[in-house]
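Good morning, and thank you for making time for this item. I shall go through the structure on the screen and ask you to follow along.

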Amino acid sequence: MRATIDLAAVEAMDAADPLRAMRDRFILPEGVIYLDGNSLGAAAPAVFSELQKAATQEWAQDLIRAWNTAGWFDMPVALGDQLGRLIGAAAGQTVVCDTTSINIYKVLHAALGMRPNRSVIVAEGDSFPTDLYMAEGVASTRPGTVLRLEGVDAPTIEELIDERVAVILVNHVNYKTGQLRDMAALTCKAHQVGALIVWDLCHTAGALPVELDAANADFAIGCTYKYLNGGPGAPAFIYAAKRHHDDVHQPLSGWWGHARPFAFEQSYTAGSGIRRFLCGTQPVLSMRALKGALDIWDDVDMAAVRKKSIALTDLFIQLVEARCGAHGLELEGPRDGNARGSQVSFLHPNGYQVMRALIERGVIGDFRAPSTIRFGFTPLYVGYKDVWQAVEVLENILRTGAWQEARFAVKTAVT
């Protein structure tokens, strides 16, 4: 990236963008620059088409028959395979189901059961809170289980990994800073001592190429409503390496995970393969919405997504530091594009007020306590001129002190 850049150069970057046409496949409100796709992805007409068909044709006309005629019952596995392409998973290893929190609970229990003589769970102290809450919950059900935290019990997660560790729960991309971990290296470190590893891909899936199989990962979980654009509350997913399927037992033994769900037997027998991670009846309409979103990805090259992501975030950092650097902003995440996900975070002592002022002016990012303003860049619909314009608004807010208006100090929900 050059030391200086002008609007003409930015517009030229948009003109040369191979993903530029993808923007037309999403609905973006007029006058809004949306830099919060790492919290909730934008809507797409394809999603609404799937919902319309599922509701007005399949549900309304076929009624109960749609479980078979429309393939509702098999959607968790079918969508899992479709999503698996984006995370480097061969068919039969990914299933779409439930929520991220529930899936963490299932996978941690399964991993602990596979290492019965070990009692330590390792996680990050600055992990997204639900990961820690669920790890605490799992530990509370297993007497003697201990939770070790990076940044609390040792400076790095590598220092916490020894022969007493059963499972490591780690984010591929840190939700606050955007720091990207080396999946292959950390997985290898875990396996050297006989531990299993669970990768949280909430801020990875759809943002950059992932190679779960190539990295020899054991398990992964993640959501689909961020970069994958599945919609608010869209179902999450679980990946389990095929080599573990025969040894996996998870505690939420609902009927969808049964070997013979329609035999209505009184006792539970686990199904085969990845279906073992299913629990109860899945949300059909939400899954059909997700199908509409995932269909878009069939036309997307993840290498092109990653290249544009790094270019967008590099440009944002360069422009912010050049134009806003004198106003108390400090880069919180990695400067090297190869070491971060598709987001940029800055620290500001009045970050909450700054973000509220930005949102009022149509630049939607988000705030994370105590002082992080966070911007997500979804390459399918964010352009280089969006970055230029967002920085112009940010500079104006900081230079004029507009964020100091009393109404921005009122604590209300921030996107």
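**Salt bridges, sheet and surface**

I begin with Arg-164 and Asp-162, whose side chains meet in a salt bridge at 2.9 Å, N to O. A salt bridge here is a side-chain nitrogen of Lys or Arg within 4 Å of a carboxyl oxygen of Asp or Glu. Arg-164 counts as exposed at 53% relative accessibility, whereas Asp-162 is buried at 17%. Buried means under 20% relative accessible area, exposed over 50%, and partly exposed in between, with a 1.4 Å probe and protein chains only.

A word on the source: this is a predicted model, in which local features need pLDDT of at least 70 and side-chain atom pairs count only at pLDDT 80 or more, while totals for chains, interfaces and linings use all residues. Residues are numbered from 1 along each chain as its sequence is written, and side-chain values use heavy atoms, with hydrogens and water left out.

How many salt bridges does the rule give? The count is 23. One of them joins Lys-308 to Asp-17, with the closest N and O atoms 2.6 Å apart. Lys-308 lies in helix α9 (residues 302-324) and Asp-17 in the loop between α1 (7-15) and β1 (33-34), so this pair ties together parts that are 291 residues apart in sequence. Helices (H or I, at least four residues) and strands (E, at least two) are DSSP runs, numbered from the N terminus. Both Lys-308 and Asp-17 are buried.

Arg-260 and Glu-265 form another salt bridge, with 2.6 Å between the closest N and O atoms. Here both partners are partly exposed, Arg-260 at 38% relative accessibility and Glu-265 at 36%. Elsewhere, Glu-50, Glu-58, Arg-288, Lys-291 and Asp-295 are joined into one network by salt bridges that share partners.

I turn now to the sheet. It is open, has 7 strands in the order β2-β8-β7-β6-β5-β3-β4, and its pairing is mixed. Two strands pair if DSSP finds at least two bridges between them. Which strands stand at the edges? They are β2 (94-96) and β4 (146-150); each has a single partner strand, so one side of each is left without a neighbour in the sheet. Direction ignored, neighbouring strands are turned by 15 degrees against each other on average. Axes are lines fitted to C-alpha atoms, for helices over the stretch in contact, and angles run from 0 to 180 degrees between N-to-C directions.

At one edge, β2 runs antiparallel to β8 and is joined to it by 3 bridges, with Thr-94 opposite Tyr-239. Helix α4 (residues 75-84) packs on the sheet and touches β2 and β8, its direction making about 120 degrees with that of β2. Contact means heavy atoms within 4.5 Å.

Strand β7 (residues 219-222) points Phe-219 and Ile-221 one way and Ala-220 and Gly-222 the other, and all are buried. Strand β6 (residues 196-200) runs parallel to β7, with 3 bridges between them, and Asp-200 stands opposite Ile-221. With β8 (residues 237-240), β7 pairs in the antiparallel sense over 4 bridges; there, Gly-222 has Phe-237 as its bridge partner.

Finally, Met-355 belongs to helix α10 (residues 351-360) and is buried, at 0% relative accessible area. Its C-alpha atom is separated by 8.8 Å from that of Arg-374, 19 residues apart along the chain.
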